[in-house]
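Colleague: I'm new to this one and the whole thing is a bit much at once. Please pick a single part and take me through it slowly.

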Amino acid sequence: MACMTSPAEAGRGSRRAAPVGHAAMRSANLSLLLRHLHTRGGRSRATLSQETGLSKAAVTSLVNDLAVRGLVQEGKVERLGAVGRPGTEVRIDPGHVAGIGLELNVDYLAVSLRDLAGAARFADSVPTPYALEPSAADGRSYPLDPVLDRAAELLQRALDAADAEGLWVAGATIAPPGPIDYDGSRVRFASNLGWTDVPLAEELARRLGEDSPVLALENDAKLSALAEAPRLAQRGITDLVYLTGDKGVGAGIIAGGRLLRGWSGFSGEVGHIGLDPAGERCRCGRRGCWETMVGFDTVLDVLEADDPTRSGRLPMTERLARLRSLLDAGHAPLHERFERLAGDLVRGAGVLVDVLNPQAIVLGGYFASFADLLVQPVQSALDARLLAADGRVEVSASALGLDAAAAGGAAVALERVLDDPLLAPELEA
Ligand SMILES: [Zn+2]
């Protein structure tokens, strides 16, 4: 959007007398500039003016407004060719605004605090009460209160860390393992926890009291896909499927550069694609779902009954490290399991490739930790079933691994400020 005001009108002093509509225009232009710097990196005011179509005077005024809120800062000097005056670069200020992502899983909770430049400022993860006390589950349903108490504690730790670093928190995105009711901020369904219609945001806000940041919900796989997308977009990849490997399996689907939610938010519930009518009973009630073949438990099942790796009491990172040690020590059943796992992954991934025609499939969650055993076999098997050469899909492992959903959550929380920079409070002089 081009700024249509004269330089005089764009001055700070005239804002109070501006007609209705001016404030909205100014907010939209602030957002345009901030987003431009966020995705393209630091550049001079002159370059910003050229690239956005805003006048130089408008850019100067808007940059001042962003700087007052600690959103941008002056950087190094940018030279524009051999002639003309060098311009000082304006860039994202990482020092004042942050977002929080919290992943809520069956076995663990993970939180990530990220600043506006995307750097991780605080991260922590803890086992859930269910991991510590598996008998806490009543049949197929896990009690809500203990995990919500734990999640609120972890959120509070991230808020305290933000406070200690002088960061204002734009919001927090909670990532439960299931589809979301976007209007009501409720979890519609989380098959591996036995939850239906849980008012997660409201419950957490109540626990945090007046400290609570703005809370939003988004599905863990969708957030992971959003977190991974910028890395792939640099290589021109706009269509991808991110697969989370955990107790269950979910997909975050990005099509044409946009997150696909589906009509009611259930897109990507790929763990319940029926692949074998005579297969194992799934927690969702159906038989032969994909996740009964590739879920984390199918790997743990080949270990000895007393192997501590099976226990959710251990942090996920430690369980994955123990699996790696067993593989390194030549644990034959585990090697066989991973060989079959690649084939089982292809059974479902092939369906996704045929339906969605993605450019890339990203293996996340525990799959990413065993990229050396999974990526190449899955790639070869998908190559072998190509219908046409230009339908080839690139298989890779998530660069963010277990942090993907929380990192994506923090990025989505920061979107509030990128949409409306005026939400950020002015710095104290
Ligand atoms: Zn199922």
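Modeller: Here's a close look at one sheet, followed by a stop at the zinc ion.

Before we start: this is a predicted model, where local features need pLDDT of at least 70, side-chain atom pairs count only at pLDDT 80 or more, and totals for chains, interfaces and linings use all residues. Residues are numbered from 1 along each chain as its sequence is written, and side-chain values use heavy atoms, leaving out hydrogens and water.

How confident is the predictor? The chain averages a pLDDT of 89 (the predictor's confidence in each residue, from 0 to 100), and 92% of the residues score at least 70. Among the elements, β15 has the highest mean, 97, and helix α1 (residues 7-10) the lowest, 34. Over residues 1-15 the pLDDT stays under 50. Where pLDDT is low, the predicted coordinates should not be read in detail.

Now the sheet. It's open, has five strands in the order β14-β13-β12-β15-β16, and its pairing is mixed. (Strands are DSSP E runs of at least two residues, helices are H or I runs of at least four, both numbered from the N terminus; two strands pair if DSSP finds at least two bridges between them.) At the edges stand β14 and β16 (394-397); each has a single partner strand, so one side of each has no neighbour in the sheet.

Let's settle on β12, residues 240-245. All six of its residues are buried (under 20% relative accessible area; over 50% is exposed, in between is partly exposed, with a 1.4 Å probe and protein chains only), so the strand is largely enclosed by the rest of the structure. Leu240, Tyr242 and Thr244 point one way, while Val241, Leu243 and Gly245 point the other. In a regular strand the side chains alternate between the two faces of the sheet.

On one side, β12 pairs with β13 (residues 249-255) in the antiparallel sense over six bridges, with Thr244 opposite Gly250. These two strands form a hairpin with three residues between them. β12 also pairs with β15, this time parallel and over four bridges, and Val241 faces Ile361 there.

Moving outwards, β15 (residues 360-363) is joined to β16 by four bridges, again parallel; Val362 has Ser396 as its bridge partner. Lying across β15 and β16 is helix α14 (residues 371-384), which runs at about 170° to β16. (Contact means heavy atoms within 4.5 Å; axes are lines fitted to C-alpha atoms, for helices over the stretch in contact, with angles from 0 to 180 degrees between N-to-C directions.)

What holds the zinc ion? Its protein donors (N, O and S atoms within 2.8 Å of the metal, or 3.2 Å for Na, K and Ca; water isn't among the atoms, so sites may look incomplete) are His272 through ND1 and Cys282, Cys284 and Cys289 through SG, lying 2.1 to 2.3 Å from the ion. Angles among the four donor atoms are 102 to 122°, making the site tetrahedral (all angles between 85 and 135 degrees). In sequence the spacing is H-x9-C-x1-C-x4-C. His272 and Cys284, twelve residues apart, are both in the loop between β14 (258-259) and α9 (291-294). Of that pair, His272 is buried at 8% relative accessible area, whereas Cys284 is partly exposed at 24%.

Key:
Four donors count as tetrahedral if all angles lie between 85 and 135 degrees; four count as square planar and six as octahedral if opposite donors are over 155 degrees apart and all others between 65 and 115; anything else is irregular.
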